[in-house]
Amino acid sequence: MENIITASGLQKSFGRTRALDGLDLEVRRGEVHGFLGPNGSGKTTTIRVLLGLLKADGGTAQLFGQDPWHDTTTLHRRLAYVPGDVTLWPNLSGGEVIDLLGRLRGGLDKKRRDELLERFALDPKKKGRAYSKGNRQKVGLVAALASNVELLLLDEPTSGLDPLMEEVFRQVVAEEQKRDGRTVLLSSHILSEVEALCDRVSIIRGGRTVETGTLTELRHLTRTTISADLANPPNGLADLPGVHDLQVDGSHVRFEVDTRMLDSALRELTSAGVRSLVSQPPTLEELFLRHYQTEGTR
Amino acid sequence: MNTLAGTGALIRLIVRRDRILMPIWVLFMAVIPLALLSSIKELVPTEAARQAYAAESFGNSTFVMLYGRVYDAGLGGLTFWRAGFSMLVVGLISLLMVIRHTRTEEEAGRRELVGSAVVGRHAGLAAALIATIGANLVLAVLVALGLMGQDLPAGGAFAFGLAWAAAGAMFAAVGALVAQLTEGAGAARGIGVTVAAVAFVLRAVGDVSGTGADPAWPSWLSPLGWTAQVHAFRDERWWIFALAVAFVAVLTAVAFVLQSRRDVAAGLLPPRLGPAEASPALRTPLALAWRLHRGTLLAWAAGFIALGAIFGGAAQTTQDMLADNPQLLEVFERMGGTSALSDLFIAATMSITALIASGYAVQAALRMRTEEAGLRLEPLLATGVGRLTWAASHLVFALLGPTLVMVAAGLTTGLTYGASIGDVGGQLPRGLAAALVQLPAVWVLAGLTAAIFGLLPRLAPAVAWSALGLCLFLGQLGAALQLSQAALDVSPFTHIPRVPGGDVSALPLVLLTAIAAALVVFGLAAFRRRDVPVT
């Protein structure tokens, strides 16, 4: 499948701070790609490099096969960007900003714009300085979503939105996906949002990509929690590779097992006779916490 | 809840935030009277020379307009008079300082955070006023001690220092008031500076049309007129300070009442709704820049039209003065006709006008930095807008904006002066030429701002305003301080030929324009290469 975004070995330092330290990222055409990482891990810096706003110190980045630093404006006509903190001109109305940004990109779908204003319940007549944080964010979202572009770069776009509006955002992006096959790079901390929308995710930490793949693939890298009542005491379970934190209480056992070793653990259980069994796949929270924590604290 | 709770802590916060800025301006202003005193001592060392200097200055409309009416030929009296313009500067600094710690804080949303702590409704405003007036009182004491150190009498020295502090305190109160009116700090600054300009013009008009040591009535409408009337070192009028205290008290009270009636972050002038859709014209960076600059530009143009009319009208009075003085008339006729004096006057006022216009040029060029630091540039550059196109859309205003306001001032000067002597056809082009010849120096300051913005964006505001301050300093005080020509040459305004009436050589104008162009090109090249946004 064709890559819309390809970055490999990206490096960027600000003074002594190393913001990107060999970051890799691949986003395929038509997918919603989740971009995750703790605060300060380099997500915004990556997006700014992809926009040609920052010049990378090393590594390569390509959008649509072109260099974002050199072919900046040509590329920008094909994409829309929503920063995590949309700031508006105090004396321009929200409607004016939406139209202006749309026109400066590849053009604006008027019908879509009005529909989105309706769905996000946004008053376009207010002046920039009068909007709350959440409403400023909506202005940026409507401007981006109503633009005729192939790629959306969204940097924590729903920060400040209420849960209702977050849901609207999810629906809109999912619909777009189905209809137009737009490519979306979505940086987010909201795991339910990522789970609902993203085909693949990349997790970064300390300016480096630590994991990339579909959510199913990532789940395979973590542990499943098993809790079971057995007919006989389990004998070989403690020695089985991949089994952790085993607690035996009479006939009841509880343990965590590396998901790829699940099969052999279950075989061991059935040989002891299973009366009841509860298996919990890792929650997303656990998945991400594992990756977010630094090496030292893990 | 006590509406002043937390004032002490907020005063400490202001002192902490301004721990560099405040000592700098206080010390800088405190040195000015000493510098002027020593230059007057050197320029006119004897009693007789001082009498002649006072008489000459008394009849010079430009001096009267800038500094006020001469009321005394003594060293102290001449120094106080000569420092008249500096009172406006003290006033402006105080005004901006109060707005900086009130409306700017509210607009940035920091006031809200502070207000959620145990802080009374009026604490922020009270703290800003107390800190600003306190700084002015420190300035007053420093000025007084400095002058007493030069063997001037203590009474006059304190009257001198307190007159300055009174000007500062009164404009601090003006700042407190205008900070209540608008939601944006920029608009509040605009209104405040306009008030200061009107106060200066009223004082100037009153002084130019006064008799003897006394100004005409317009001076009494202006706080700057009052402080000038303190007449330090000659029968000081202490009662004027009661006037100043009453002014501060009334304005502060009104500001407090206005503040009680509004919400945090809201202004008294209600924000209006805008259109739901952008007009078809709003589709380019230039159209956006026009929206962002137009209000300021039109306000400046209106101000410059008024300024030109005032200067043009005052030019006539220099002629009237000659009519009363046959010897002087003869001198000027030998020097090249009676028009020489008013020519000199127009050239001098245009030079000042150009310095003020540079303030607009710097402000318009710094808009680029404001946009970048406010994170509004980033989403724009993420569209199909190129960096150079965007920068050019703002530089149009930084370069052509001052041109427009100078042309406005030049035309109205020529028009009003021409009308007063019945020669509009002849004076209109002369006024225009006097304005146009100043432009290359203004462009150099705009170019410098663009260059720093490209190279060291964080330093751009500090460097650009300091450069303008240096030009103002060299132009206003350089000659009085007898600085070397090399030092004076640092200011681009030093190189502008005297028009009308002087010899015009094109070379300095061409060179200054070339320097301005080179600075702009350098700034754009640096901006294209650097990271955005630098915050």
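These are my notebook entries on chain A and its contact with chain B in a predicted model.

**Ground rules.** Local features need pLDDT of at least 70 and side-chain atom pairs count only at pLDDT 80 or more, while totals for chains, interfaces and linings use all residues. Residues are numbered from 1 along each chain as its sequence is written, chains are lettered from A in the order written, and side-chain values use heavy atoms, with hydrogens and water left out.

**Chain A alone.** I looked up the secondary structure and got 10 helices and 13 strands (DSSP runs: H or I, at least four residues, for helices; E, at least two, for strands; numbered from the N terminus). Its C-alpha atoms fill a box of roughly 75 × 45 × 35 Å along the principal axes. Of the 298 residues, 51% are buried (under 20% relative accessible area, 1.4 Å probe, protein chains only).

**The interface.** Next I checked who touches whom: 36 residues of chain A and 37 residues of chain B are in the contact (heavy atoms within 4.5 Å). The two chains bury about 3,300 Å² between them, 56% of it on carbon and sulfur atoms; that is accessible area lost on being put together, summed over both.

**Salt bridges.** I found 4 across the interface (a side-chain nitrogen of Lys or Arg within 4 Å of a carboxyl oxygen of Asp or Glu). I noted Glu277(B) with Lys110(A), at 3.3 Å, N to O.

**Chain A's side.** Elements giving two or more residues to it include strand S1 (3-14) and helix H4 (110-119) of chain A. H3(A) supplies the largest share, 7 residues.

Notes. Buried area = accessible area lost by both parts, 1.4 Å probe. Buried < 20%, exposed > 50% of the residue type's maximum accessible area, 1.4 Å probe, protein only.
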